[in-house]
Number of protein chains: 2
Amino acid sequence: MEKVNIKSVASVAGVSIASVSRVLNKKENVNPAIKAKVEEALKTTGYRRNLQASGLRAKHSYTLTLLYSDPSPSYVVDLQKGALAECDKQGYSLNIFPCNHRNDDFLERITDLVKHFKNDGVVVAPPISDMAEVINLFEENDIPYTRISPYIIESERPSVFCNDYGAAFDMTTYLLSLGHERIGFIKGTDGHSASKNRFQGYKDALFTQRIEFDESLVEQGGFSFDTGEVCARRLLKSDNKPSVIFASNDEMAAAVYKVAAQLKLDIPNNLSVVGFDDTPMTKFLWPALTTIRQPIATQAKQAVNMLLNYINDKSNEDLQISFDCELVLRESTSIYRP
Amino acid sequence: MEKVNIKSVASVAGVSIASVSRVLNKKENVNPAIKAKVEEALKTTGYRRNLQASGLRAKHSYTLTLLYSDPSPSYVVDLQKGALAECDKQGYSLNIFPCNHRNDDFLERITDLVKHFKNDGVVVAPPISDMAEVINLFEENDIPYTRISPYIIESERPSVFCNDYGAAFDMTTYLLSLGHERIGFIKGTDGHSASKNRFQGYKDALFTQRIEFDESLVEQGGFSFDTGEVCARRLLKSDNKPSVIFASNDEMAAAVYKVAAQLKLDIPNNLSVVGFDDTPMTKFLWPALTTIRQPIATQAKQAVNMLLNYINDKSNEDLQISFDCELVLRESTSIYRP
DNA sequence: TCTTGTTATGAAAACGTTTTCTTAAAGTGG
DNA sequence: CCACTTTAAGAAAACGTTTTCATAACAAGA
């Protein structure tokens, strides 16, 4: 197999190397005749640009960073899938950068990343997308970034959202439509934007249906199985027991299953349960968990797309894009039976 | 911040560019005095090599590919963690390459990968590491690779294993020590090396303890929740019901939980259950699942290490390295009560 | 017609390395 | 002590691009 570089393409096309480069990079002011010849030659030779050489000269890497703090593995995998799809499509590589935002060395690791940053931009996933210190670091060092589901929207940079609020609103409305009026709610980590939006959706749905909001039906969880277990136990042992529990994520919903089993409550006959996220685990719970699916991969794809637009300075009007979630109705809910 | 390249280092050290390069690449035949001066200069300037330029000239990418066919998300994440750790340590980047070996376009995707391969090598995770067609592609195209848990060992290339056999042996022995003699076994996907080894460990442990092997206690599963459910139902509805079920992975063990609940069998009092893999889900099952933890990250780390040794032609004697698994005893097993 | 300005094109420099080539110095054997 | 080989170091070429610079062709204005 003959090695094919710009030089060989140029000689096939009968033009200069510079002209080929101009066509490749879509510069203006290039004669249509030459352009046609070059494009023909590109095809016949099967030319593929050498990214190392191109990057070396033009000072970019054709590589993006995907920054996330390991939430659930299934979230991570979906995130990667979406980001990778868009990167592939646009001829970019993806460097994954997992870290743990609760670790002591977290900020040090981020500082390191920023200091020796070699890539063209960063996609920041939650909950890091919510951390002002991190975002400021990128800002100060002129590193292009887009965020997924950030809470602080002040920034002028593009970001993508998913409609946590609307999904929680719809789910609550669905539960009300089944006849439930005492809907327990387990909140997620305090300060996390998703927690806040999900809770607000729940409250507003109650309000819209003229059901009085009852503070005693709400517990402050932390998105983990353990915190979910504590909250579920409190809710289910109270005199004021709810007929359904809406957990802010699936992991806490799984904890509700555990407590329900211990208290001999049959799901869904004595207690309905719903979660949020549609992690793979929902299918292994029995009965299968009714929950909410976020378009994670789609969000990541869009975040990459916006980042590349930003980098390549294409016009870039819609800075914030929001995606809808989807209610996934399975077997963990039933109509209200007093 | 002054930009620092080889040229500036050379001028600080008072030597030629070529000498600096020789020191950087640990070539022999370089005067100790010069070497010292260069090393000093490298420190004071804080030089970092430009991988694009280096790679362009020396024809390598300082990037490895991690090839896997999405088993469980938690497996993938562990795999990445280990591979990334070693790559970081050695100054390499990691490109992840997820795919689905059951998809129609699988071979096409692999062929594409091979055809336009730009990286320095590939780490192949199971079950792809077992697929001769894929391995042959790498072999034919002279792409350096290492495999994790391959079944076909003929190849002279380095690979890492984990002792599935020994772990299954130990787990079975543990169950026998609890007094169980009727141990049901759900096999994994037929043809998969892990399936085979785990089953063999189970059988040999029975043999060692002089417990007769009973074919009717074995079901052929496929590593998925659904197949696990079918197998569990068959085992638990038979007249010859086992007192414990050893599932070849956690997902199938979770299915056993579901069937047990349907049949009103209390775990662990009426039925013990054990799994394999120690996925995060085990902690959400109730009671928490006794299972086996593989050192996935460690294996990936080692695989990367061996791959880089191979690429850089360092001596490389131990071609196959095996790691032990760890029994994780939780609450899903109890002593045998007739 | 002559200058001036604009434009498309090719030649050549540049990016930061590694590697080959050249040469001066040092070592070796007769 | 001379011819010859070996060695270490610097100069320069090479990797495959992009970008700057120079120039030729052409159009426009006086």
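Let's start at DNA strand C: 28 residues surround this strand, and those that come nearest are Ser19(A), Asn29(A), Asn31(A), Arg49(B) and Arg57(B). Here a residue is near a molecule or strand if one of its heavy atoms lies within 4 Å of it. Before going on, keep in mind that this is a predicted model, where local features need pLDDT of at least 70, side-chain atom pairs count only at pLDDT 80 or more, and totals for chains, interfaces and linings use all residues. As for the bookkeeping, residues are numbered from 1 along each chain as its sequence is written, chains are lettered from A and ligands numbered from 1 in the order in which they are written, and side-chain values use heavy atoms, with hydrogens and water left out.

So what part of strand C does the protein come up against? Of the atoms of DNA strand C within 4 Å of the protein, sugar or phosphate makes up 67%, and bases make up the rest. You can see the backbone side of this in two residues: a polar side-chain atom of Asn29(A) sits 3.0 Å from a phosphate oxygen of DNA strand C, and one of Arg49(B) sits 2.7 Å from a phosphate oxygen of that strand. Arg57(B) goes for a base instead, with a polar side-chain atom 2.6 Å from a base oxygen of DNA strand C.

Which elements carry these residues? H2 and H4 of chain A, along with H2 and H4 of chain B, each supply at least two residues of the surface near DNA strand C. The largest share is from H4(B), with four residues. Helices (H or I, at least four residues) and strands (E, at least two) are DSSP runs, numbered from the N terminus. Sorted by class, that surface has 11 nonpolar, nine polar and eight charged residues. In this sorting, Ala, Val, Leu, Ile, Met, Phe, Trp, Tyr, Cys and Pro count as nonpolar, Asp, Glu, Lys and Arg as charged, and the others, Gly among them, as polar.

Now turn to DNA strand D. It has 28 residues around it, the closest being Ser21(A), Arg49(A), Arg57(A), Ser19(B) and Asn31(B). Sugar and phosphate account for 68% of the strand D atoms that come within 4 Å of the protein. In the side chain of Ser21(A), an N or O atom is 2.8 Å from a phosphate oxygen of DNA strand D, while for Tyr47(A) a side-chain N or O atom is 2.8 Å from a sugar or linking oxygen of DNA strand D. Asn31(B) uses its backbone: an N or O atom there lies 3.0 Å from a phosphate oxygen of DNA strand D. On this surface H4(A) gives the most, with four residues.

Finally, look at how the two chains meet. In all, 35 residues of chain A are in contact (heavy atoms within 4.5 Å) with 35 residues of chain B. About 2,800 Å² is buried between chain A and chain B, and carbon and sulfur atoms give 68% of that area. Buried area is the accessible area (1.4 Å probe) that two parts lose on being put together, summed over both. In chain A, Gln52(A), Phe284(A) and Trp286(A) lose the most area to chain B, together 25% of what that side buries.

Terms used:
A polar contact is a pair of N or O atoms within 3.5 Å; within protein, one must be able to donate a hydrogen and the other to accept it, and residues adjacent in sequence count only if both atoms are side-chain atoms.
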